[in-house]
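Here are my notes from going through the model you sent. Have it open while you read.

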Amino acid sequence: MSLEHILSIGAGILLDGLAYGMVLFIVSVGLSVTMGLMGFANLAHGAFAMAGGYVTVSMMSALGVPFELALVCAFVLVGAASVPFERLLYARLYRAGELDQVLLTIGLVFMTIAAFTYAYGPAPQAIRVPRYLSGSVDFGFRTFAAYRLFMVLVGALMMGALWYGFERTSLGARIRAAVDNRRMAQSIGIDVDRLFTLTFALGSGLAALGGGLAVNLTGLTPTFAIQYLVFFLIVVAVGGAGSIKGTVLAALVLGVTDNAGKYLFPAGGAFFIYAATIALLLAKPAGLYGKE
Amino acid sequence: MARSERASGAAAAEFLLKRHTLRPAEALPWLIGIGAYFAFPDYMALGTQILIGVMFALSLDLVLGYAGIVTLGHAAFFGTGAYAAALLAARLGWSEPLSGLAFAGVCAALAGFVSGWVLLRYRGLTLLMLTLATAIMLYELGNARADITGGYDGVTGITIKPLFGRFDYDLYGHTYYLYALAVLFVLFVVARRIVYSPFGQALVGIRENLRRMEAIGSPVHRRLVAIYTIAAAMAGVAGGLYAQSNAFVTLSALGFERSASVLVMLILGGTGRLYGAFLGAAIYMLLEDSLAKLSPEFWEFGVGLVLVLTVLFARGGLLGLLERAARRARGLWR
């Protein structure tokens, strides 16, 4: 094997891995908000993402809504639909242990999967993305699927928007204050309950957006809610509680590791992403950017 | 003031002295177990699977209910035991059943000891993620080494010699039922001794107040690793029995669904009560057998709904509800 050949393979692994990592980031960032910021072990994140996927697909096929608008609808509808869940169920368990939170949200996952299987059937749903996203782009040394590039772009946009929202706006400052010290925030007049409802709706909306965007790459069946759950959880746990920066970094590292592992040792399958996760968590139990 | 304190102290001492004595009601599950053998001879295969489920849930109760270790990867030990027993019989040709079970238990205990030693220094969400990732890593390892595990097709060709060289297995699984019932009884006696020993008391202390246990000099990490290893061995025996009775193991023995379902069984029955595992596993698996075939969606929705309702209104599970009802009835009586 020539050096050039090795370099080209290496670049391919890296670029594919980064694109894959961006996908991981997009579908996980909503969980970084609910689990990371609010400290709730929200295993139902995948259920909201799956619901978002179904909203997107149904909007497009039944109402003929264009892809981009369907994504916005998924974000808004699922975000709004999550509010009663937060008020009636999640809010009771903010101070409970992880076990209660895990059980509640696993219960919700089972119920959502059953409800969507009943409504849509277990068969996979197809999505038709706009033509400009379905081809591939030639970069000279190799070609890339246009949709992957689109995901990288969307990921970068989301990163920027979230960073700006949390770090530079007054709403973001209030959310950070409520997370850091709930009582103090309340005593200076921040309505923490309402803020948490809003934050939760944002996290669920982001989950739905991620779900809608992922359908074209992952396909969509009701089991989506549990199939990719471990990936979301890993990305957020490795990234560190409530850190957008950590989530990005974790998604990219795990994306490249998984891609390299699958490419170099096809038989090893997904083994490497879990080994990397365990190693990272053993070294930094609170995640890359978490507070110890 | 002083008198009432002394009185409550005496009551506490009496409680501590008496709480491990056998109550008549404790014979009930065993009477039902033996009664079912005579009453439902056609359902022995299902009965055996229920007994295995009870065993597995009981091992989780030691870890989760008593020591308060929240794990999402308990199937790792069930699967390790199942594959150990299966590979011993199918690949190495050792087909004596009891030593096969012992081998399954030892292999799972080893896995529990090593992973517990490393992981049990962590708590909360991190521990949750670590147990989950460890179990899935094991699953992927089994998937990657399909040459050993048979991959998705599983290990087949498990032949087991007659029990004690005398009792052969009939088509309807009568022998296996009694075999599983006996193994469960032995494991239960061990578990019961553990939870009422000073060691078991220390575990409850760790569950209730970790910092205080550390402050009074309890070797927290060593104790957690010890119970994790014991529970892993029990889960491994349950897995080994599963492999022997089905003569077949696939990767599903290691999967996340299995970790989740055993958690549901235990929560449904009630944690930290030993008998919660009996009630939860029996009800879950009986309902699954009838409802899951009738309408899988309805079954799955029901499981989810029960979980949500349990968390919100009945944290002690079914046994907790029964205890509450019994206490209220006794209050009315007086």
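The points below go from chain A as a whole, through a few of its helices, to the interface and chain B.

1. Before anything else, keep in mind that this is a predicted model. Chain A is built from 13 helices and two strands. Its radius of gyration is 19 Å, close to the 19 Å that the globule rule gives for 292 residues, so chain A is as compact as a globular protein of that length. If you want a feel for the dimensions, the C-alpha trace of chain A spans about 65 × 50 × 35 Å along its principal axes.

2. How much of chain A is buried? Of its 292 residues, 50% count as buried. As for how the chain folds back on itself, take the contacts in chain A between residues at least 6 apart in sequence: 74% of them join residues at least 24 apart.

3. Helix 11 of chain A (residues 229–239) is a good place to start looking. This helix is mostly covered, with 11 of its 11 residues buried. Among those buried residues are A:L229, A:F231, A:F232, A:I234 and A:A237. What do they pack against? Within chain A, the partners of these buried residues include helix 1, helix 2 (45–63), helix 10 (224–227), helix 12 and helix 13 (271–283). Helix 6 of chain B is also one of the partners, so keep both chains displayed when you look here. Just after helix 11 of chain A comes A:G240, which has a positive phi near 110 degrees.

4. One of those partners deserves its own look. Helix 1 of chain A (residues 3–37) and helix 11 of chain A have axes that come within 8 Å and cross at roughly 65 degrees. The crossing of these two helices is right-handed. Helix 1 of chain A brings A:L24, A:V27, A:S28, A:L31, A:S32, A:M35 and A:G36 to the contact, and helix 11 of chain A answers with A:F231, A:F232, A:V235, A:V236 and A:G239. Sorted by class, the contact between helix 1 and helix 11 of chain A has eight nonpolar, four polar and no charged residues.

5. While you are in that area, click on A:A251. This alanine sits in helix 12 (residues 244–264) of chain A. Is A:A251 buried or exposed? It counts as buried, with 30 C-beta neighbours inside 10 Å, and the cut-off for that is 20 or more. Leaving aside residues up to four places away in sequence, A:A251 touches A:G21, A:L24, A:F25, A:S28 and A:V235. A:A251 and A:V27 are 224 residues apart in sequence, yet their C-alpha atoms are 9.9 Å apart in space.

6. Now the interface. On this count, 30 residues of chain B are in contact with 35 residues of chain A. Which elements of chain B give two or more residues to the side that touches chain A? They are helix 6 (124–144), helix 12 (256–269) and helix 14 (296–313) of chain B. Helix 6 of chain B gives the most, with 15 residues. By class, the chain B side divides into 22 nonpolar, five polar and three charged residues.

7. Helix 12 of chain B also packs with helix 13 of chain B, at an angle of about 115 degrees and with the axes 7 Å apart. This crossing, too, is right-handed. From helix 12 of chain B, the contact includes B:V264, B:M265 and B:L268, and from helix 13 of chain B it includes B:F278, B:L279 and B:I283. The contact of these two helices has 10 nonpolar, three polar and no charged residues.

8. Two loop residues in chain B are worth a check of the backbone. B:A247 has a phi near 55 degrees, a positive value in a residue other than glycine, and lies in the loop between helix 11 (220–246) and helix 12 of chain B. B:L274 also has a positive phi, about 60 degrees, although it is not a glycine; its place is in the loop between helix 12 and helix 13 (275–294) of chain B. Their surroundings: B:A247 is partly exposed, with 16 other C-beta atoms within 10 Å, whereas B:L274 counts as buried, with 23 C-beta neighbours inside 10 Å.

9. Last, the core. The largest nonpolar core has 208 residues, and those with the most contacts inside it are B:V54 and B:A86. Helix 11 of chain B supplies the largest share of this core, 15 residues. Not counting residues up to four places away in sequence, B:A86 touches B:V155, B:I158, B:A243 and B:V249.

Terms used. Residues numbered from 1 in each chain as written. Chains lettered and ligands numbered in written order. Predicted model: local features only at pLDDT ≥ 70, side-chain atom pairs only at ≥ 80, totals over all residues. Axes fitted to C-alpha atoms, helices over the stretch in contact; angles between N-to-C directions. Helix = DSSP H or I, 4+ residues; strand = E, 2+ residues; numbered from the N terminus. Left-handed = near helix turned anticlockwise from the far one by under 90°. Contact = placed C-beta atoms within 7 Å. Nonpolar A, V, L, I, M, F, W, Y, C, P; charged D, E, K, R; others polar. Rg over C-alpha atoms; globule rule 2.2 N^0.38 Å. Buried ≥ 20, exposed ≤ 12 C-beta atoms within 10 Å, placed from the backbone. Core = buried A, V, L, I, M, F, W, Y, C linked by C-beta atoms within 7 Å.
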